[in-house]
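Here is a short briefing on one protein model. Please look at the sequence and the structure first, then read the points below.

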Amino acid sequence: MDTGNETTMKGSNMVQAVESKSQSIDLIDDVRDAAKVGQHAAAEALRAFRQTVDEAVPQAVQPLRTKIVDAAVELADKLVAAQFQLNRDLIHSAERAMTRSDGEKK
């Protein structure tokens with residue numbers, strides 16, 4: 001038979017679980033937004049780099065220009081992938097930490 005205190009404790013645990021889930025979702029959204037900003041910054045940096053290469057390297061050496069720009073694109077892809085993996089790792093670590101923290105509160 002539930003007493004008033006047991007019901008209050010169960011309700012409190014449910015509120016904590018909902019708050020924890022909400023914090024986890026907020027964290028995921030924040031990291032996702034940061035990843036989008038990072039991807040946009042990488043794309044802008046590539047555009048600026050390509051413009052600089054186009055201005056600095058004569059049209060007569062087009063194969064060299066293409067090779068330089070292709071290498072920059074590959075570098076940017078790897079950097080964005082590394083950022084994405086870091087963000088995923090941060091989310092997983094934060095979720096584990098929040099889950100452990102919730103377990104300690106109970």
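## Briefing: salt bridges and helix pairing

D29 and R32 form a salt bridge through their side chains, with an N to O distance of 3.0 Å. The two residues are 3 apart in helix α1 (residues 4-56), so about one helical turn separates them. The model is a predicted one. The protein has 2 helices and 0 strands.

**Overall picture**

- The protein has 106 residues, and buried residues make up 16% of them.
- Its accessible surface comes to about 8100 Å². Carbon and sulfur atoms account for 60% of that surface.
- Contacts between residues at least 6 apart in sequence were sorted by separation: 64% of them join residues at least 24 apart.
- Helix α1 spans residues 4-56, and helix α2 spans residues 62-105.

**Salt bridge within helix α1**

- How exposed are the two partners, D29 and R32? D29 has a relative accessible area of 33%, which makes it partly exposed. R32 is partly exposed too, at 43% relative accessibility.
- Both values fall between the cut-offs of 20% and 50%, so both residues count as partly exposed.

**Salt bridge within helix α2**

- K78 and E74 meet through their side chains in a salt bridge, at 3.2 Å from N to O.
- Both residues lie in helix α2. They are 4 residues apart, about one turn of the helix.
- K78 is exposed, with a relative accessible area of 54%. E74 is partly exposed, at 45%.
- K78 counts as exposed because its 54% is over the 50% cut-off.

**Salt bridge between the helices**

- D54 forms a salt bridge with R65, and their closest N and O atoms are 2.6 Å apart. This pair links distant parts of the chain: D54 belongs to helix α1 and R65 to helix α2, with their positions 11 residues apart in sequence.
- Side chains of opposite charge can pair when their charged atoms come close.
- Is R65 buried or exposed? R65 is buried, because its relative accessibility of 8% is under the 20% cut-off.
- D54, its partner, is partly exposed, with a relative accessible area of 32%.
- R50 joins D54 and R65 in a network of salt bridges.
- A search of the whole structure finds 5 salt bridges.

**Surroundings of R65**

- R65 lies in helix α2.
- Which residues does R65 touch, leaving aside its neighbours within four places in sequence? The contacts are V53, D54, V57, P58 and Q59.
- D54 therefore appears twice for R65: as a contact and as a salt-bridge partner, within the 4 Å limit.

**Other positions linking the two helices**

- N87 lies in helix α2. N87 counts as buried, at 10% relative accessibility.
- Beyond neighbours within four places in sequence, N87 is in contact with V31 and A35.
- A43 sits in helix α1. Its relative accessibility is 26%, so A43 counts as partly exposed.
- A43 and A76 are 33 residues apart in sequence. Their C-alpha atoms are 8.0 Å apart in space.
- H40 is also found in helix α1. H40 is partly exposed, with a relative accessible area of 49%.
- H40 and V80 are 40 residues apart in sequence, with 9.8 Å from C-alpha to C-alpha.
- L64 lies in helix α2. L64 is partly exposed, with a relative accessible area of 44%.
- The C-alpha atoms of L64 and V53 are separated by 9.9 Å, and the two residues are 11 apart along the chain.

**Points to keep in view**

- R65 is buried at 8% relative accessibility, and its salt bridge to D54 has a closest N to O distance of 2.6 Å.
- N87 is buried at 10% relative accessibility, and its contacts include V31 and A35.
- For the pair in helix α2, K78 is exposed and E74 is partly exposed.
- For the pair in helix α1, D29 is partly exposed and R32 is partly exposed.

How values were computed:
Residues numbered from 1 in each chain as written. Predicted model: local features only at pLDDT ≥ 70, side-chain atom pairs only at ≥ 80, totals over all residues. Heavy atoms only, no water. Buried < 20%, exposed > 50% of the residue type's maximum accessible area, 1.4 Å probe, protein only. Contact = heavy atoms within 4.5 Å. Areas by Shrake-Rupley, 256 points an atom, 1.4 Å probe, with all protein chains shown as cover.
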